[in-house]
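Student: Could we go through this structure together? I would like to learn how each label is earned.

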Amino acid sequence: MSAVEARLAELGLTLPEVVPPLASYQPAVRSGAYVYTAGQLPMVEGKLPVTGKVGAEVTPEEAKELARVCALNALAAVKSVAGDLDRIARVVKVVGFVASASDFTGQPGVVNGASELLGEVLGEKGVHARSAVGVAVLPLDAPVEVEIQVELAQ
């Protein structure tokens with residue numbers, strides 16, 4: 001077990017299986033020292049636990065927890081191409097998309113779920129640049145989607 005996966009276990013988390021693609025793309029690709037993930041939905045055992053818009057059917061607190069699930073799924077995607085999460089030198093960028101009710105403006109707080117998980121698991125290596133974007137709808141009516149870019153140690 002890698003040190004990162006041991007840290008996940010300390011937090012009571014398990015790295016899930018890679019979420020299969022919903023269309024024609026790969027969950028993650030490597031280019032040089034970087035791994036880019038596709039947008040990761042908060043799938044748990046092949047299903048979305050909640051659907052709908054944040055600020056309407058989904059509370060910001062629920063959405064923040066779902067963003068944590070997205071980040072965990074993103075780490076699984078990274079491992080699928082890097083082989084070992086201990087190879088992560090740093091998380092470079094996180095982009096979070098939040099399916100938002102028309103008057104919801106708390107996207108940064110929702111995406112904090114992903115950012116905080118990466119910090120808890122990776123420490124200083126998890127500090128990153130980030131965008132949090134409100135959108136009208138996401139695939140499968142998911143409330144949140146997260147993609148990450150990581151740099152691998154050489």
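Tutor: Gladly! Let us start with a definition: buried means under 20% relative accessible area, exposed means over 50%, and partly exposed is in between. Keep in mind that this is a predicted model.

Student: Why does tyrosine 36 count as partly exposed?

Tutor: Its relative accessibility is 36%. Partly exposed lies between under 20% and over 50%, so tyrosine 36 counts as partly exposed.

Student: And what makes tyrosine 34 partly exposed?

Tutor: The reasoning runs along the same path. Tyrosine 34 has a relative accessible area of 30%, and the label covers what is in between under 20% and over 50%, so tyrosine 34 is partly exposed.

Student: How many aromatic pairs does a search of the whole structure find?

Tutor: The search finds one. The pair is made by the rings of tyrosine 34 and tyrosine 36.

Student: Why is the pair of tyrosine 34 and tyrosine 36 called tilted?

Tutor: A pair of aromatic rings is described by the distance of the centres and the angle of the planes. The ring centres of tyrosine 34 and tyrosine 36 are 6.5 Å apart, with the planes at 40 degrees. Stacked needs under 30 degrees and edge-to-face needs over 60, so this pair is tilted.

Student: Is glutamate 45 buried or exposed, and how do you know?

Tutor: Glutamate 45 has 77% relative accessibility. Exposed means over 50%, so glutamate 45 counts as exposed. This residue is in the loop between strand E2 (34-37) and helix H2 (60-82). Its phi is near 55 degrees, a positive value in a residue other than glycine.

Student: How do you know that the span of H2 agrees with what it should be?

Tutor: H2 has 23 residues, and at 1.5 Å a residue they should span 33 Å. The expected span takes 1.5 Å times one less than the number of residues. The end C-alpha atoms of H2 are 32 Å apart, so the two values agree. Just after H2, glycine 83 has a positive phi of about 85 degrees.

Student: Which residues make the nonpolar surface patch of about 280 Å²?

Tutor: Leu22, Tyr25 and Leu140 make this patch. Leucine 22 sits in the loop between helix H1 (3-10) and strand E1 (28-31), while leucine 140 is in the loop between strand E4 (129-135) and strand E5 (144-152).

Student: What makes leucine 22 partly exposed?

Tutor: Its relative accessible area is 47%. Exposed would need over 50% and buried under 20%, so leucine 22 is partly exposed.

Note on methods:
Residues numbered from 1 in each chain as written. Predicted model: local features only at pLDDT ≥ 70, side-chain atom pairs only at ≥ 80, totals over all residues. Heavy atoms only, no water. Patch = residues over 30% accessible without salt bridge, like charges linked within 9 Å, V, L, I, M, F, W, Y side chains within 5 Å. Areas by Shrake-Rupley, 256 points an atom, 1.4 Å probe, with all protein chains shown as cover. Salt bridge = Lys/Arg side-chain N within 4 Å of Asp/Glu carboxyl O. Helix = DSSP H or I, 4+ residues; strand = E, 2+ residues; numbered from the N terminus. Buried < 20%, exposed > 50% of the residue type's maximum accessible area, 1.4 Å probe, protein only. Phe/Tyr/Trp six-rings, centres within 6.5 Å; stacked < 30°, edge-to-face > 60°.
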